[in-house]
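Work through these exercises with the sequence and the model side by side. Try each task before reading its solution.

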Amino acid sequence: MSRLDTTAYTRTAIVLHWLIAVLILVAFPVGLYMVGLKLSPQKLAIYSWHKWAGMTVLALMVLRLIWRMTHRPPALPDSMRPLEKRLAQLVHWMLYLLMVAVPLAGWLFSSAKGFPVVWFGVLPLPDLVGKDAALAEILHAAHEVLAWTLIVLVAGHAAAAIKHHVVARDDVLTRMLPFLKRIGS
């Protein structure tokens with residue numbers, strides 16, 4: 001993939017995309033699992049891991065947004081209708097917004113609950129708000145709703161990419177998975 005290739009994402013964009021995707025696809029079910037656990041050292045360790053994953057998503061998203069602002073993504077295929085292109089762009093920006101909002105809401109929730117966020121057990125992050133039980137409940141609900149919204153959009157995003165590969169037979173999926181061959185080519 002050369003710098004002049006306008007049909008593919010850069011290696012950096014691809015790596016950031018898949019690192020964030022893996023973290024989300026692991027952190028979400030871990031989040032669902034951990035809330036049902038009884039208080040124990042194991043539960044606290046899982047919560048810490050979940051927070052690490054969230055803060056890593058947040059940090060990678062900052063890098064991804066900077067990269068996106070400085071490196072234009074490839075154009076969508078001409079075969080897509082204008083409404084499809086607008087919808088794809090809207091979903092991408094909603095995903096970006098949620099990939100920042102979900103970990104941020106979790107960080108705010110932890111702060112309001114009075115539980116520090118210590119990234120990888122080494123770097124203590126500052127509390128964003130003071131301890132406040134009522135605010136913690138609101139932030140917990142916001143974190144959950146945002147996370148569910150994110151996972152639904154991620155599923156739709158993946159389904160659309162597969163549809164482009166299998167039905168439309170265009171290069172949408174192969175731009176993010178360059179080792180795949182375009183079907184029908």
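**Exercise 1: two packed helices**

Helix α1 (residues 11-34) packs against α2 at an angle of about 155 degrees, and their axes lie 9 Å apart. The model is predicted: local features need pLDDT of at least 70, side-chain atom pairs count only at pLDDT 80 or more, and totals for chains, interfaces and linings use all residues. Residues are numbered from 1 along each chain as its sequence is written, and side-chain values use heavy atoms, with hydrogens and water left out.

Task: describe how α1 and α2 run relative to each other.

Solution.
- Step 1. Recall the convention. Two packed helices are described by the angle between their axes and the distance between the axes. Axes are lines fitted to C-alpha atoms, for helices over the stretch in contact, and angles run from 0 to 180 degrees between N-to-C directions.
- Step 2. Apply the classes: under 35 degrees is roughly parallel, over 145 roughly antiparallel, 65 to 115 roughly perpendicular, and the rest oblique. α1 and α2 are therefore roughly antiparallel.
- Step 3. Add the handedness. α1 and α2 cross in a left-handed way (the near helix is turned anticlockwise from the far one by less than a right angle; clockwise would be right-handed).
- Step 4. Sort the contact residues. The contact of α1 with α2 has 20 nonpolar, six polar and two charged residues (Ala, Val, Leu, Ile, Met, Phe, Trp, Tyr, Cys and Pro are nonpolar, Asp, Glu, Lys and Arg charged, the others, Gly among them, polar).

**Exercise 2: a second helix pair**

Task: repeat the analysis for α3 and α4.

Solution.
- Step 1. Helix α3 (residues 82-113) packs on helix α4 (residues 133-168) at about 150 degrees, with the axes 8 Å apart.
- Step 2. That angle makes α3 roughly antiparallel to α4.
- Step 3. The crossing of α3 and α4 is left-handed. Their contact holds 20 nonpolar, six polar and three charged residues.

**Exercise 3: an arginine in α2**

Task: is R64 buried or exposed, and which residues does R64 contact?

Solution.
- Step 1. Locate R64: helix α2.
- Step 2. R64 has a relative accessible area of 10%, so R64 is buried (buried is under 20%, exposed over 50%, partly exposed in between, with a 1.4 Å probe and protein chains only).
- Step 3. Leave aside neighbours within four places in sequence. R64 is then in contact with L16, H17, I20, Y96 and M99 (heavy atoms within 4.5 Å).

**Exercise 4: an aromatic link**

Task: how many aromatic pairs does the whole structure hold, and what does the pair of W52 and F120 tie together?

Solution.
- Step 1. The search finds four pairs (Phe, Tyr and six-membered Trp rings with centres within 6.5 Å; planes under 30 degrees apart are stacked, over 60 edge-to-face, the rest tilted).
- Step 2. W52 and F120 form a tilted pair, 5.8 Å centre to centre, with 35 degrees between the planes.
- Step 3. W52 sits in helix α2 (residues 41-70) and F120 in the loop between β1 (117-119) and β2 (123-125), so the pair ties together parts 68 residues apart in sequence.
- Step 4. Check exposure. W52 is partly exposed at 24%; F120 is partly exposed at 48%.
- Step 5. Widen the view. W52, W119 and F120 form one aromatic cluster. F120 has a positive phi, near 55 degrees, and is not a glycine.

**Exercise 5: the whole chain**

Task: in what order do the elements run?

Solution.
- Step 1. Count five helices and two strands (DSSP runs, numbered from the N terminus: helices H or I, at least four residues; strands E, at least two).
- Step 2. From the N terminus, the order is α-α-α-β-β-α-α.
- Step 3. Of the 185 residues, 38% are buried.
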